[in-house]
Amino acid sequence: MSTYCNVLISGTIGNILQLVGLIIVFVLILFATYYTSRWIGKSGFTQQKAANIQVIETFRLSQTKYIQIIRAGTGRYFVIAVGKDTITYIAELKEEDIILRNDSQTAEKVSFSDIMKKLKKHNEE
């Protein structure tokens, strides 16, 4: 009987240690993912900045097709169609034909922690 109890206890302790180990590995992966995404976001890998070309607006037509208004140079605006494998010139626009948004009209940036605080407060109510 005592041998059976020792096997049962050691098996249970082994399972608990495996669970604790898996939780530790999971937490380490979460931290690594969080800090890697922050580093990539700050380093500028997400989008290269160009001094003379800027996408003003993008309108999605389908899964792989878009219409974009781009600014090239100091004041030339073009409408292009962007597909999976092609880019097609549609027209050139004058600056007075474009409605540019100010920074005050664009959506405000909300941090992830602010969203989580709002969700937590909402769940507590």
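This passage describes the fold, the strand pairing, the salt bridge and the surface of a predicted model.

In the predicted model, the chain comprises two helices and four strands, and, read from the N terminus, these elements succeed one another in the order α-β-β-β-β-α. Helix H1 covers residues 2-43, strand S1 residues 53-60, strand S2 residues 66-72, and strands S3 and S4 residues 76-82 and 87-93, respectively. Of the 125 residues in the chain, 6% are counted as buried. Among the contacts with a sequence separation of 6 or more, those between residues 24 or more positions apart likewise contribute 6%. The accessible surface of the chain amounts to about 11600 Å², and carbon and sulfur atoms account for 61% of this area.

The four strands are arranged as an open sheet in the order S1-S2-S3-S4, with antiparallel pairing. Strands S1 and S4 form the edges of the sheet, each of them pairing on one side only, and the twist from one strand to the next averages 25 degrees.

Strands S1 and S2 are paired in the antiparallel sense over seven bridges, and the hairpin that joins S1 to S2 passes through five residues. Several residue pairs trace the register of this pairing. Ile53 lies opposite Ala72 in S2, Gln54 has Arg71 as its bridge partner in S2, and Thr58 is placed opposite Gln68 of S2. Arg71, itself located in strand S2, is separated from Ile53 by 18 residues in sequence, while the C-alpha atoms of Arg71 and Ile53 are 5.6 Å apart in space. When neighbours within four places in sequence are left aside, Arg71 is in contact with Ala51, Asn52, Ile53, Gln54 and Ile56, and also with Arg76 and Tyr77. Of these contact residues, Gln54 is the one that serves as the bridge partner of Arg71, and Arg76 belongs to strand S3.

Phe59 is likewise part of strand S1. Its relative accessible area is 53%, and because exposure is assigned to values over 50%, Phe59 is classed as exposed. Beyond the neighbours within four places in sequence, Phe59 nevertheless makes contact with Lys65, Tyr66 and Ile67. Phe59 and Ile69, ten residues apart in sequence, have C-alpha atoms that are 8.9 Å apart in space.

Strands S2 and S3 also run antiparallel and are joined by seven bridges. Within this pairing, Tyr66 has Val82 in S3 as its bridge partner; Tyr66 is also one of the contact residues of Phe59. The hairpin of S2 and S3 has three residues between the strands, and in this hairpin Gly73 adopts a positive phi near 80 degrees.

The count of salt bridges in the model comes to one. This salt bridge is formed by Glu92 and Arg76, whose closest N and O atoms are 3.2 Å apart. The pair links distant parts of the chain, as Glu92 is situated in strand S4 and Arg76 in strand S3, with their positions 16 residues apart in sequence. The relative accessible area of Glu92 is 39%, so this residue is classed as partly exposed. Arg76, with a relative accessibility of 46%, therefore also counts as partly exposed. Besides taking part in the salt bridge with Glu92, Arg76 is in contact with Arg71.

On the surface, a nonpolar patch is formed by Leu19, Ile23, Phe26, Val27, Leu30, Phe31, Tyr34 and Tyr35, which together have about 840 Å² of accessible area. Leu19, one of the residues of this patch, is found in helix H1. With a relative accessible area of 52%, Leu19 is exposed, because its value lies over the 50% limit.

Key
Residues numbered from 1 in each chain as written. Predicted model: local features only at pLDDT ≥ 70, side-chain atom pairs only at ≥ 80, totals over all residues. Heavy atoms only, no water. Buried < 20%, exposed > 50% of the residue type's maximum accessible area, 1.4 Å probe, protein only. Contact = heavy atoms within 4.5 Å. Pairing = 2+ DSSP bridges. Salt bridge = Lys/Arg side-chain N within 4 Å of Asp/Glu carboxyl O. Patch = residues over 30% accessible without salt bridge, like charges linked within 9 Å, V, L, I, M, F, W, Y side chains within 5 Å. Areas by Shrake-Rupley, 256 points an atom, 1.4 Å probe, with all protein chains shown as cover. Axes fitted to C-alpha atoms, helices over the stretch in contact; angles between N-to-C directions.
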